[in-house]
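User: Hi! I am new to protein structures and would like to learn how to read one. Could you walk me through this one step by step?

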Amino acid sequence: MAASGISISIDSGSTFTDIYASIPGKSQDITLKLPSVDPQKYHDAPTEGIRRVLEIASGSQIPCGRPLNLSEVKSIRMGTTVAANALSEGKGERSALVITKGFRDLLLLGDQAPLDLFGFTVPKPMALYEKVLEVDERVILEPSPDDPGGQAANVDPDKVLDTGVSQQVIRIVREPYWGIVEQHFVEMHDRGIRSVSICLMHSSVYPNHEFRLADLARKAGLNVTVSSLLNPKIGMVARAESATLHAYVTPVIRKHVEHLRNLFVGQMRDPTLPPCEFMQNDGTMAHIHDIVGSKGILSSSVGGLLGYASTCYDRSSGKPLIGFDMGGTSTKISRFAGEYERVTTTLAGNTIELPQLNINTIATGGSSQLYWSKGSAEVGPDSVGAHPGPACYQKGGPLTVTDANLLLGRLVPECFPKVCGPNGDKSLDIEVTRRMFNDLCSDINNGANSDATKLTPEQAALNFLRIAEKNMCRAILRQTETRGYEASGHDLVAFGGAAGQHACFIASSLGINRVILHHHSSMLSAYGMAFGSLVSDLEEPLECVFRRDTIPRIREIEASLRVRAESELRERGIGDADDIEFKVEILMHYEGSDTIIAISKPENELELTMKFADVHKKKYGFIAARPVVACTVRLRAVGLKKPPSDLSPAQQFACLGEFRAPSREARVMTKDVYFGERGWQRTPVYRLESLRTADRIEGPALIVDNTQTILVTPNAQATILRSHVVIDIASPTAHAVVQKIAIDPLQFAIFDYRFSSMMKKMKRMLRRTDISSEMKKHLKFSCGIFSANSRLIACAPFGPSHISTMKCAVQSNRGNWKHKLQDGDILVFRQPRLCGSTHPLDITVVTPVFHGGVIVFYCTSSGIFTDSSALISKEPWQEDGEIIPAEVVRDGAMDEESIEKYILSDRKQHSDCSDSSYLADNLANLRVLVDANQQVRERLMKLLEGQEMKVVSAYVRAMERRPETAVRQLLRIVHDKRGGRPLVATDLMSDGSPICLKITIDYDKGEADFDFTGTGTLQASLSSRTNFPAHVAQAAIMYLLHHWIKGEIRFSQGLLNPINIILPSQAGSTPNPQSDNTISNRRVASHHVLELMLQCFDIYSSGRLHNLMFSVRGQITPDGTYIPGFMHQETIVGGSCAGPDWHGKNAMEVGTTKTRIIDAELLERQYPCLVWEFSVRHGSGGRGQFYGGDGCNRVIEFLKPVSLTVMSECQPPSSDGFHGGCHGEAGVNLLIKKATSDREPNQVVNLGPKSTTNVCKGDTLIIQTSGGSGWG
């Protein structure tokens, strides 16, 4: 060969494969864009790209199909969609899950986090394994020496003790039967299973059983994924998800790698051959031998972000960038502001726990199909790819976004690669596109009203493109406005094969005044791979309270990790002269908390606890009086690369002198381009490679090269830099429109996204609370923005019942306080007796927002603090106390003395009232609510600074009208469907008491009466048994209406505007002090009202309600020492009911309260209990044409005496289901009381649907939740 040291980067996408290569001694780099699928020419696009690069470099032909000689290639870097396609298409490796006995359905149950708060039939993620092997093994964590009472009562004390990786003492309760497991592995292999994932209870601390099982599986010929090696963190669900994902997709990638090897001389096993690196989700590179499927699922999206961050970002100005990567199948949106943001995400419903760069993908690309259906135009999500491709590719494909651009003149067939036609050697055919658009317009015009204006093909094409661009604008707003960043404050970096045709329109719509395109923008994802770092990430568990004697162990681990990381990087090509940068972090958390903070290791390790406290206070607003646990030592080693030598676009601009017009030679032709209201415009076409630095081109213009087309709109001008094209847009659109009161659709979307982003900001802040298990683990918090007259504008509820209590709370207190408050004041209260205004366990914080001296908004957040509440409460103040509205902040200063009085002191006068477990903790949680409100208050004030109040008010009213209009339309549809007849239903409480509802719809007004007065027994039932305040009815009604309205409708006041709620006369009164359980009965009321309304609509799908609570009350010793108690509460899933066209879901919580359930490993670490089983109760669902979902089994042993409450409502009163189906099996709550001596048997107690009792050490609770009812 004539050249050596060739570097090749390949981005293998779904539609096109981009190849970028640099050859020493040649001024021009090689860029190729090949269809990813072209069976007439080649079998594999990446290999074909390498072949063509070698042909160009050597100057000689290399026949297709011959193994390639890579001896002159320095490096190959690749990003691929192989893993992502396997996951989304369900074509991964056949695999099995090996798990501890009792947890076979762990991933089906997960953490119960709601996929859709308002859905009844939400599909669960596809199981990535076809078989589960339960291994009869168990290890438990031994309690600390100062807590001997926490030992398991049902475990033989003579069982073997061992030490885990963190030096924690482990008791081995049962070892696996190794011979039996080995035989199962052999049977799996015989059945065609080739991959297994292994996840055992507490394996992050004690992985020995996993290691031995892995050896047996490999012996049977299986690929093995060990959860404790892949993701060595506490949390069984997260480890199992990562392991099963890895086992499913990694073999697919490795087969792809093996295929590539076979196409190269030496099959890439020769150490003298070039290193081949694969791009990973987090922007780092992995060697071809070490590629991990779960780390490479999104690899093809990452290179572009690395590319524009390295070549377009100007660190001197710090102006943030939006990455707009539009390819053939999808568009990917990202943001860069000086640092890479890494997140976890989901794909095809499966959580990818390992970090990835934050990139948002939507199914809109150049090959997205255009549809006209039922009078509306749609773009995507289906894509035709490169084969058959768009209609203009002459392979029989349909109309696509590319065809619309071609028809409007935005593409230049003469300059487009000749990849079309059956043999892949023809140009784009505009005649095919024009004929198909003519036919489409005929269909559209024939279906339109006779007096409607006839649509031309150009107008139709433009309408489709506007829909596509609107979709892309929404994606950009989600990445910016919803996260608190103004889109107009960014530069837009456009890249990908189709981005250049849309960038100016996108930027103008969002008020962005500058678009940046790299000269290699069409293949920036391949070009950017050169900036991927060689990284080694290693960690080792520590898991001990940090003390002085912990430091030697930390140093020992660090030294070991350094040696391993350096050796790995040297093997991957980092030379002895290259630097390796090491970063060591200690992962730390407060004892009793699972919020982990990574602290950079200081030179003096004794400073670790101080640094942890500083970071914790800055992040969460407080320091806890608790020991600090050092759980993991983490090391990252980075092989340092030279930074790019090119100046940023801003720096290149600064170096320019005078601008000039492009030369005549650069203009290759002039053509007509359609610009909507401007019509057809004569537009010059320039070759990019012929343009000179400092050339300035006024729009309209087209700039093309062999792989891209850039459209410069009439309101813009392009400047050519040495390595970039910069387009400046002089359009007042984004800011002029917003000053008008007339509602503009795009500006409406921006306002909507801004309020949505404020809610997401509040949610993130509320989840930061480090202590409250209810708020952090179970997501029991809500937040909202209310207007000055207490109308709900936007919210982020953990359940609609919670947000409605906040609404009632604001309404009931606004009149008393609105004239007493000043700017900067904040209210806090808990008032369950005031018309049921708040949930008895809520603390609500209200922050008024002033503008022009008057209140214009209220920011409200509410959280549940129940760490040590009494479980049975006859008075609301017994639920951690009642707080009369008080100013927690006056003139910006928190009055902690008053808050302490309200939270703790006033309740000591009541002997039955439980003290909070930690006053400091509750104060800290309160600060989180205050800070969340303050953040949104500042955002609202900033919004008001840039807009007139009348403009903001107009858009707020428009936001409310949208759901209101949707509800009125829905009511009219229901009215017609039911022939105008009222909708009537009756439901039964567990004791047989009836509750009734009658819905009467006024078609003309689009309004409805929801009348709960019903029969005479209804009023008594509701007032005496269920504490039925107004907010319960509002919650259920809003929930139902939001469920029935399809589309992205905000949960806001507009849902209730057309509804008149008629309640029993005593429904809004104070909760009855003689009720068995204030908290539980309110949940029951909300759930029953929802059931009632669903029956009115002939739907029965809200399932069953199951709650478990156990606690130990805090105590004050005679000497005044406070011994904190604790409380744990969880909602356990049952099966959901079937409907007229769907099956019920197994173990899926539906209804007005949806919360997480704590991971079994975390539960055992934080509370004195053992979880022996958490599984689906197979066969418990009701039979029918559509069968009900199964409930679940949960078995918990208690290691200390606790107070226990169980509640299982909505049990089926008969065996009859819906429309001929059968009810599911009723729930069962059993308590196995451990015998006091070996001569006595254990006692089995049926607790019934609702019970409160004291349990002893060694007692075991068995909860079997009910199945859903069948239909038909």
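Analyst: Happy to! Of the 1272 residues of the protein, 59% count as buried, where buried means under 20% relative accessible area, exposed means over 50%, and partly exposed is in between (1.4 Å probe, protein chains only). Please keep in mind that this is a predicted model, where local features need pLDDT of at least 70 and side-chain atom pairs count only at pLDDT 80 or more, while totals for chains, interfaces and linings use all residues. Residues are numbered from 1 along each chain as its sequence is written, and side-chain values use heavy atoms, with hydrogens and water left out.

User: What does the secondary structure of the protein come to?

Analyst: Helices (H or I, at least four residues) and strands (E, at least two) are DSSP runs, numbered from the N terminus. Here there are 27 helices and 55 strands.

User: How do I look at a single residue, say L561: is it buried or exposed?

Analyst: L561 is buried, because its relative accessibility is 0%. This leucine sits in helix α14, which covers residues 551-571. Contact means heavy atoms within 4.5 Å. Leaving aside neighbours within four places in sequence, L561 touches L538, E539, E540, V633 and L635. Also, L561 and A637 are 76 residues apart in sequence, yet their C-alpha atoms are 9.4 Å apart in space. For the protein as a whole, residues 24 or more positions apart account for 70% of the contacts with a separation of 6 or more.

User: Now strands, please. With which strands does β10 pair?

Analyst: The general idea is that strands of a sheet pair through backbone hydrogen bonds, either parallel or antiparallel. Two strands count as paired if DSSP finds at least two bridges between them. Strand β10 (residues 195-199) pairs in the parallel sense with β5 (residues 95-100) over 5 bridges, and I99 stands opposite C199 there. β10 also pairs in the parallel sense with β11 (residues 223-226), over 4 bridges; the partner of I198 in β11 is V226.

User: Which residues of β10 lie on each side?

Analyst: S195, S197 and C199 are on one side, V196 and I198 are on the other, and all are buried, so both faces of β10 are covered. Compare strand β25 (residues 597-600): I597 and I599 make a covered face, while A598 and S600 make an uncovered one. Strand β24 (residues 580-590) runs antiparallel to β25, joined by 4 bridges, with L587 opposite A598.

User: What do β10, helix α5 and β11 make together?

Analyst: They form a right-handed β-α-β unit, with α5 spanning residues 208-219. To judge the hand, point the strands away from you: the crossover is right-handed if the path from the first strand over the helix to the second runs clockwise.

User: In what order do the strands of an open sheet stand?

Analyst: One open sheet has 4 strands in the order β27-β28-β30-β31, with mixed pairing. β27 (667-674) and β31 (709-712) are at the edges with a single partner strand each, so one side of each has no neighbour in the sheet. Within it, β27 and β28 (residues 680-687) pair in the antiparallel sense over 7 bridges, and V685 in β28 is the bridge partner of M669.

User: How many salt bridges does the structure hold?

Analyst: First the idea: side chains of opposite charge can pair when their charged atoms come close. A salt bridge is a side-chain nitrogen of Lys or Arg within 4 Å of a carboxyl oxygen of Asp or Glu. The structure holds 44 salt bridges. One of them joins E1225 and R1177, whose closest N and O atoms are 3.0 Å apart. E1225 lies in the loop between β51 (1202-1209) and β52 (1228-1233) and R1177 in strand β49 (residues 1169-1177), so the pair ties together parts that are 48 residues apart in sequence. E1225 is partly exposed at 42% relative accessibility, whereas R1177 is buried at 10%.

User: Which residues are linked in a network of salt bridges?

Analyst: K233, E539, K583, E585 and R634 are linked in this way. You have already met E539 as a contact of L561!
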